[in-house]
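Visitor: Hello! Could you take me on a close look at a single part of this structure, and then show me what lies around it?

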Amino acid sequence: MPGLYLAGLVVSLVGMAVLDARFRLFFWRSPWRAALVTVIGLAFFLVWDLAGVAAGIFFIGPQRVLTGLVVAPEVPVEELFFLLLLCWTTMNAFGAVRPLVARAVDRRRS
């Protein structure tokens, strides 16, 4: 079923957006800084992917659930959505853990 993987990624991104908005973790805390961090993260991982493709490490496997659209040789469009999800999940997790660590440090000091 073409597009199934992309649909799953979009649903996951919506979930990240809901968590982010509800708890003000990343984009809803500082939108410009979050956008910059996300663009840098996406660029880094896209370069990483392209290097992996050039080295013959990364390649498109079976395409039953992919759309078939590619942004570069051996880099499906779904990869961009996956990398966005990876960056956003990481930064949401960081945003959720940061206050917990700060509270633990404050408790230790007092």
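**A nonpolar patch on the surface**

Guide: Gladly! In this predicted model, six residue names are worth finding on the surface: M1, L4, Y5, V65, F82 and L86 form a nonpolar patch there. Together they have about 530 Å² of accessible area. Helix 1, which spans 4-23, and helix 3, which spans 77-109, are the elements that give two or more residues to the nonpolar patch.

Now pick out V65. You will find V65 in the loop between helix 2 (31-54) and strand 1 (70-72). Why can V65 belong to a surface patch? Patch residues need over 30% relative accessible area, and V65 qualifies on that point because its relative accessible area is 34%, which makes V65 partly exposed.

Let's turn from the surface to the inside. In soluble globular proteins, nonpolar side chains tend to be buried together. Here, the largest nonpolar core has eight residues: L9, L13, M16, A17, F26, A34, L85 and W88. Helix 1 and helix 3 each supply at least two residues of this core, and the largest share, four residues, comes from helix 1. So as you follow helix 1, look for both its patch residues and its core residues.

One more stop, back on the surface: R24, R29, R33 and R98 form a positive patch. Among them, R98 is found in helix 3. R98 is partly exposed, with a relative accessible area of 37%.

Notes:
Residues are numbered from 1 along each chain as its sequence is written. This is a predicted model: local features need pLDDT of at least 70, side-chain atom pairs count only at pLDDT 80 or more; totals for chains, interfaces and linings use all residues. Side-chain values use heavy atoms; hydrogens and water are left out. Patches are made of residues with over 30% relative accessible area and no salt bridge: like charges are joined within 9 Å, nonpolar side chains (Val, Leu, Ile, Met, Phe, Trp, Tyr) within 5 Å. Accessible areas come from the Shrake-Rupley method with a 1.4 Å probe; for residues, only the protein chains shown count as cover. A salt bridge is a side-chain nitrogen of Lys or Arg within 4 Å of a carboxyl oxygen of Asp or Glu. Buried means under 20% relative accessible area, exposed over 50%, partly exposed in between (1.4 Å probe, protein chains only). Lys and Arg count as positive and Asp and Glu as negative; His and the chain ends are not counted. The place of a charge is taken as NZ of Lys, CZ of Arg, CG of Asp or CD of Glu. A nonpolar core is a set of buried Ala, Val, Leu, Ile, Met, Phe, Trp, Tyr and Cys residues joined through side-chain atoms within 4.5 Å.
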